[in-house]
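Biologist: I'd like to learn how to read the domain layout and the contact between domains in a model like this one. Can we walk through it together?

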Amino acid sequence: MAANLRNQNQLLSKMAIGDGHGENSPYFDGWKAYDEYPYHPIDRPDGVIQMGLAENQLCFDLIQDWLMKNPKASICTPDGVLNFKDTAIFQDYHGLPEFRAAMAKFMGKVRGDRVKFDPDRIVMSGGATGAQETIAFCLANPGDAFLVPTPYYPGFDRDLTWRTGVQLVPVVCASSNNFKITKSALEDAYREAQEKNIRVNGLLITNPSNPLGTILDRQTLKGIVSFINEKNIHLVCDEIYAATVFTNQHNFVSVSEVIEEDTECNRNLVHIVYSLSKDMGLPGFRVGIIYSYNDAVVNCARKMSSFGLVSSQTQHLIAAMLSDDEFVDRFIAKSKERLDKRHKDFTEGLKQVEIDCLNGNAGLFVWMDLHKLLKDQSFEAEMELWKVIINKIKLNVSPGSSFHCSEPGWFRVCIANMDDSTMEVALSRIRDFMHQNKDQNTEVKMPARKLCRQSSLKLSLSRGKVEDFMSQNNMSPRTPIPHSPLVRART
Amino acid sequence: MAAQFRDQDQLLSKMATGNGHGEDSPYFDGWKAYDKDPYHPTKRPNGVIQMGLAENQLCFDLIQEWLMKNPEASICTPDGVENFNGRALFQDYHGLPEFREAIAKFMGKVRGGRVKFNPDRIVMSGGATGASETMAFCLAEPGDAFLVPTPYYAGYDRDLRWRTGVQLVHVVCESCNNFKITKSALEAAYENAKEDNIRVKGLLITNPSNPLGNILDRETLKGIVSFINEKNIHLVCDEIYAATVSTNQPNFISVSEVIEEDIECNRDLIHIIYSLSKDMGFPGFRVGIVYSYNDAVVNCARKMSSFGLVSTQTQHLIASMLSDDEFVDRFLAKSKERIETRRKVFIQGLARAGISCLDGNAGLFVWMDLRILLKDRSFEAEMELWKVIINEVKLNVSPGSSFHCLEPGWFRVCFANMDHNTMEVALSRIKTFMHQIKDQNREVKELAKKTCRQNSLKLSLSRRRVDDFLMSQISMSPHSPIPQSPLVPART
């Protein structure tokens with residue numbers, strides 16, 4: 001057996017036997033608890049509620065309604081079957097022209113038509129997952145680095161670094177200024193990379209932010225564009241949550257708008273990653289998009305798209321749906337409205353038990369501040385609290401450390417992947433827990449950095465057990481964990 | 001402007017500025033001619049007929065009929081829409097269980113039920129294109145090599161090498177023994193690699209073969225399995241054309257069958273690449289499959305499949321279609337029959353025109369032998385002949401050199417991507433062309449008797465012009481797509 005393993009290690013690539021895939025992480029415990037006993041209003045009312053999946057389930061009624069009225073959108077209906085053959089044999093990596101035209105139009109509408117997108121710059125990819133990897137392959141050589149502001153989506157570690165050999169260098173953002181991406185943070189990260197002899201090739205931002213649920217203000221975005229021009233490095237903007245901006249007070253400002261106004265900007269440095277997974281709630285359809293202002297990148301990414309084209313059956317459906325202007329306008333408006341309401345209801349529910357969230361107006365989640373509940377300001381304490389939330393409150397949320405947050409105590413809580421009643425159940429559990437906590441402790445609130453011990457929250461995890469927990473990896477091909485964060489292509 | 005180009009080269013990766021994508025090749029001339037003037041029976045009866053695309057267009061009537069009877073196969077019909085939400089949200093890289101089961105069952109049926117496939121080993125990929133690349137990422141380091149018998153599908157150069165850094169080392173196969181993959185050819189290639197200090201990690205075979213249109217006999221396949229076990233290297237079998245084998249003898253023998261009988265074989269070395277692009281005619285749906293007997297490879301390939309999962313809309317459709325046993329049995333039978341008939345008629349037509357093909361009973365093409373038409377035994381002569389075929393005979397066929405064939409004069413000609421009438425038009429053009437050549441040859445012979453001069457087929461292309469032609473690059477701007485170029489479709 002040992003000889004077999006040794007042989008295996010020689011037989012496979014380093015890439016295959018290493019853990020660049022990112023799944024050897026301690027964050028599977030929450031998923032396992034959910035998989036073992038998932039919430040159901042009738043069958044398992046005390047099951048674990050899934051709040052770790054950034055899905056948008058609020059507008060499927062609108063889509064289904066549209067499908068029933070538009071049978072031509074499918075190549076399998078009597079109305080649409082005439083297109084079946086041509087669609088089935090179409091494998092041109094330029095994509096169906098109508099698909100590209102519809103995507104470009106949709107992206108414009110999502111930005112309030114403040115900017116136009118050129119269909120000839122729309123390039124397909126295997127979801128946003130594939131888009132990120134392709135961008136890294138196009139822009140950087142193995143060993144080069146991208147700067148990424150923390151906290152960030154953990155999938156980036158795999159998408160940008162696993163098969164490409166590219167590195168990620170964190171740009172540390174702090175809660176003291178609401179995790180703003182400051183010029184000094186950018187400069188610090190850039191300089192640190194240089195000191196380590198790491199060549200920085202680009203900066204990757206997610207706007208609206210996952211996990212923060214905030215949008216970049218215009219000034220910050222312009223500052224970022226200046227920074228990358230000054231350093232002559234690329235700017236990759238993941239705008240996958242663009243249509244999830246729900247309040248009208250602050251409009252979403254896309255990088256595409258900023259560069260229209262900035263005549264100094266070298267457009268060859270600017271690239272957008274997009275997808276329909278969040279804005280339309282269609283992650284299963286694998287509609288990833290690279291939109292680059294650099295002709296050579298469009299060209300190269302297009303050739304690479306052969307490794308992850310969008311199914312022509314799906315291109316056909318999306319082309320039909322997104323070229324229906326009336327439907328798209330209505331969908332975008334309704335979606336924002338429902339997200340807004342869901343966000344309000346949830347954050348107000350949290351406020352009632354004195355739980356704060358970062359002030360946000362976008363995304364499918366809130367960035368919840370639980371640092372006051374920590375035994376001490378450490379990541380071990382965060383993990384302990386997380387286990388309590390999973391096992392006692394029965395909610396699967398995502399701890400900030402999984403997003404490389406530099407401060408413990410933050411949790412991302414997804415709120416758009418469930419109906420209103422389930423959200424109410426989640427809120428009532430949180431309320432109950434906080435009330436119990438108050439009753440049991442004379443002093444729930446701790447000053448930051450003071451190491452007070454809390455009797456009810458303290459779980460006696462020895463250091464050893466924490467390490468065991470962190471190195472656990474039960475991943476055989478025959479025991480899938482269907483809802484694990486990286487099993488799904490995106491969380 | 002020059003400063004910008006320099007800037008670009010520094011701005012982008014080596015991968016992006018190099019030509020590992022394989023599209024800077026002289027083979028676009030045929031595609032351009034087709035794109036400018038594509039054949040149409042009434043509108044452009046003198047246009048170029050596309051015979052360079054290995055597509056299977058012979059059975060769409062069966063599929064359409066099935067679709068009309070099975071509305072729940074679509075998540076967009078009243079019958080199927082209740083599945084819409086679940087499918088739209090499902091992004092688990094294990095794939096829909098019903099999809100994996102249906103594919104496993106289909107793969108078994110394609111092999112006549114002689115072997116069973118395990119649904120838990122079915123891993124998705126972005127078409128066979130993505131499957132080949134994933135295999136290279138899993139099995140080899142940058143700089144390592146795969147052995148590949150020539151001639152082979154041109155896309156492998158990109159799929160296995162471009163982003164992986166893996167190399168391909170040719171196993172030279174020759175017409176004198178029908179391009180058989182011999183033990184000595186394998187050993188020679190392996191030794192060559194060793195001498196160049198290149199570490200060989202595996203052998204990649206395509207069975208049935210593209211472009212040869214034949215299948216490996218049992219002895220050869222067993223010899224190959226022995227070879228890779230002896231060298232402790234991987235065997236990757238691209239069986240994408242498995243269902244295009246005619247029902248006559250010999251039967252298709254899959255590597256999956258051979259290893260069932262061979263208890264000595266280390267199964268951790270065996271991997272199959274599959275797709276629905278050829279057997280079902282669905283290249284647009286990007287249904288690529290990696291099937292490995294090595295657990296660690298299944299695991300790794302599955303994680304990598306995140307970069308190229310099959311759309312769940314399509315998984316749902318395929319699961320539905322391929323779990324209909326009666327339909328599948330009927331489809332496979334009819335498809336084989338129609339491909340076989342088409343192949344027979346085409347080969348007979350060629351024979352009547354005086355052209356022979358490599359003996360074969362598989363694939364969506366024939367491997368045509370035009371060596372007698374070459375001015376001389378050179379690849380320049382092959383290119384010249386190719387230009388004549390495109391510009392005068394008006395057929396876009398694929399020259400053997402584009403498949404790394406080491407002998408000039410062979411051409412791959414696809415016959416399943418058109419209707420019967422178009423094929424007849426193609427055959428008549430070939431017949432006419434061959435008669436013209438015969439007449440010209442007769443005149444030449446008579447002239448030669450008088451003047452001792454040979455070969456009126458010699459076109460006076462100077463050496464430099466040929467070089468120019470070979471070196472010419474097509475301008476590939478993002479705004480001027482060449483829709484039918486060989487590498488623009490994900491697979492040819």
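Biologist: Which residues of chain B does the UniProt annotation "domain: Aminotransferase class I/classII large" cover?

Modeller: A record annotation gives a stretch of sequence, so start from its bounds and then look at the coordinates. In this predicted model, the unreviewed UniProt entry puts that label on residues 49-430 of chain B. The C-alpha atoms at the two ends of that span lie 12 Å apart, and the span is 41% helix and 15% strand.

Biologist: And how is chain B divided by the domain assignment?

Modeller: A domain may be written as more than one segment, so read the plus sign with care. Domain 1 of chain B is 17-59 + 335-437, while domain 2 is 60-328. Their centres, taken over C-alpha atoms, are separated by 26 Å. On the contact itself, domain 1 of chain B brings 32 residues and domain 2 of chain B brings 39.

Biologist: What area do domain 1 and domain 2 of chain B bury between them?

Modeller: Look at the total, then at the atoms behind it. Here the two domains bury about 3000 Å², with 54% of that on carbon and sulfur atoms. B:K336, B:N361 and B:H404 supply 20% of the area domain 1 of chain B buries against domain 2, more than any other three residues.

Biologist: How many salt bridges cross the interface in chain B, and which residues pair up in a salt bridge with B:R338?

Modeller: The rule finds one salt bridge across that interface. As for B:R338, its salt-bridge partner is B:D61, with the closest N and O atoms 2.9 Å apart. Polar contacts add 19 residue pairs between the domains, both residues at pLDDT 80 or more.

Biologist: Which elements build the domain 1 side in chain B?

Modeller: α14 (325-352), β10 (365-369) and β13 (410-414) of chain B each supply at least two residues. The largest share, seven residues, comes from α14(B). By class, that side divides into 13 nonpolar, 10 polar and nine charged residues.

Biologist: Now chain A: what are the domains there?

Modeller: Chain A has domain 1 at 17-60 + 329-472 and domain 2 at 73-327. The centres are 28 Å apart over C-alpha atoms, and the contact takes 31 residues from domain 1 of chain A and 41 from domain 2 of chain A. Together they bury about 3300 Å², 58% of it on carbon and sulfur atoms.

Biologist: How many salt bridges are counted between the domains of chain A?

Modeller: Two. A:K109 also forms a salt bridge with A:D329, where the closest N and O atoms are 2.8 Å apart.

Key:
Residues numbered from 1 in each chain as written. Chains lettered and ligands numbered in written order. Predicted model: local features only at pLDDT ≥ 70, side-chain atom pairs only at ≥ 80, totals over all residues. Heavy atoms only, no water. Domains from an automatic or database assignment. Contact = heavy atoms within 4.5 Å. Buried area = accessible area lost by both parts, 1.4 Å probe. Salt bridge = Lys/Arg side-chain N within 4 Å of Asp/Glu carboxyl O. UniProt positions renumbered as here; feature names shortened; annotations may be inferred. Helix = DSSP H or I, 4+ residues; strand = E, 2+ residues; numbered from the N terminus. Polar contact = N/O pair within 3.5 Å; in protein donor to acceptor, adjacent residues only side chain to side chain. Nonpolar A, V, L, I, M, F, W, Y, C, P; charged D, E, K, R; others polar.
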